[in-house]
Amino acid sequence: MAHAEVSRAAPLVGWRSLGLRAIASLLVLGLAACTSASRSTSDSFRLLFNRQVEATPAQVAANRYPQIQLRAPDMSAVMVLGYVDDGQQSWYAGKEAVFQLDRDGLVTGTSGNGRQFSMRILGDSPFDHLAAVTTAVQVQRQYDATPPYAVSVPVSGTLTRRGTDKVEILGRPMQLVRFEERLEGGGMSATNLYWADATTGFVWKSRQHLAPGYAVELTQLKPYRPAQD
């Protein structure tokens, strides 16, 4: 599966308000009321939705847009792809939130309701050739967050290939390779999980930490495929 090129050091890009309103109102499968901001760093990344929204095969098939199931401690939503800008994919999770993913399925940024988060990998990324990773490799990251106005917070990851798991997506069973990435530094002590195609390295499902104590789970329902595919 081919993917668009992406710049790993690209900063968080804001969404286009007109496109966000139009696409979110037509395509997002569920929203809920906002909550107030919390004092903790973890809560500063919350997406402010409480209603649980799950996709069905019929809903996904009926929508021609690429779709991702998002699950977070305080939100479930079906995100739709809005646009791709210099390799960065902008996915809408309601009127107030947008997620940015790179071609490898990593969350590189979020925006919404006055909050911003961005992540970049320094140097070569093993996620560019994930299927070839057989031994533990190091990943150097930097995080920015507003609030709490943190800039270039260093976090070190150790990415390790584990066994093969059976993962079911929309009723379809898949045999995927599980990768674990242990994160340390900048207040982070957590493990990211990735379930990837053994041949292409495409990440079908992942659990990624955006802040200490706050993780999101992403499942590709209808993956984005560039025009050349």
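Trainee: How many bridges pair β8 with strand β9?

Mentor: Keep in mind that we are looking at a predicted model. Strand β9 covers residues 172-185 and runs antiparallel to β8. One pair to pick out is Arg161, whose bridge partner in β9 is Phe179. Counted in full, the pairing of β8 and β9 comes to 12 bridges.

Trainee: Thanks! Which residue in the turn between β8 and β9 has a positive phi?

Mentor: These two strands form a hairpin, with 2 residues between them. The phi angle in question is about 55 degrees, and the turn residue that has it is Leu170.

Trainee: Let's go to the other side of β8. How many bridges join strand β7 to strand β8?

Mentor: Strand β7 spans residues 137-146, strand β8 spans residues 150-169, and the two run antiparallel. Val137 stands opposite Leu159 in β8, while Gln142 stands opposite Pro154. The number of bridges joining β7 to β8 is 8.

Trainee: And what is the phi of Tyr149 in the turn of that hairpin?

Mentor: There are 3 residues between β7 and β8 in this hairpin. Tyr149 belongs to the turn, and its phi is positive, at about 60 degrees.

Trainee: Asp144 caught my eye. Which side chain does the side chain of Asp144 join in a polar contact of 2.9 Å?

Mentor: Start from its place in the fold: Asp144 is found in strand β7. Leaving out residues up to four places away in sequence, Asp144 touches several residues, including Gln116, Phe117 and Ser118. The side-chain partner at 2.9 Å is Arg120.

Trainee: Which residue has its backbone nitrogen 2.6 Å from a polar atom of the Asp144 side chain?

Mentor: Among the residues that Asp144 touches are Ala150, Val151 and Ser152. The backbone nitrogen at 2.6 Å belongs to Ser152.

Trainee: Zooming out, how many strands make up the closed barrel?

Mentor: The protein has 2 helices as well as its strands, and from the N terminus the elements begin α-α before the β run. The barrel goes from β1 through to β12 with antiparallel pairing. Neighbouring strands of this sheet are turned by 25 degrees against each other on average, direction ignored. The closed barrel has 12 strands.

Trainee: Last one: what share of the residues of the protein count as buried?

Mentor: Here the cut-off is a relative accessible area under 20%. The accessible surface of the protein comes to about 10,500 Å², with 50% of that belonging to carbon and sulfur atoms. As for the 229 residues, the share that count as buried is 50%.

Terms used. Residues are numbered from 1 along each chain as its sequence is written. This is a predicted model: local features need pLDDT of at least 70, side-chain atom pairs count only at pLDDT 80 or more; totals for chains, interfaces and linings use all residues. Side-chain values use heavy atoms; hydrogens and water are left out. Helices (H or I, at least four residues) and strands (E, at least two) are DSSP runs, numbered from the N terminus. Buried means under 20% relative accessible area, exposed over 50%, partly exposed in between (1.4 Å probe, protein chains only). Accessible areas come from the Shrake-Rupley method with a 1.4 Å probe; for residues, only the protein chains shown count as cover. Two strands pair if DSSP finds at least two bridges between them. Axes are lines fitted to C-alpha atoms, for helices over the stretch in contact, and angles run from 0 to 180 degrees between N-to-C directions. A polar contact is a pair of N or O atoms within 3.5 Å; within protein, one must be able to donate a hydrogen and the other to accept it, and residues adjacent in sequence count only if both atoms are side-chain atoms. Contact means heavy atoms within 4.5 Å.
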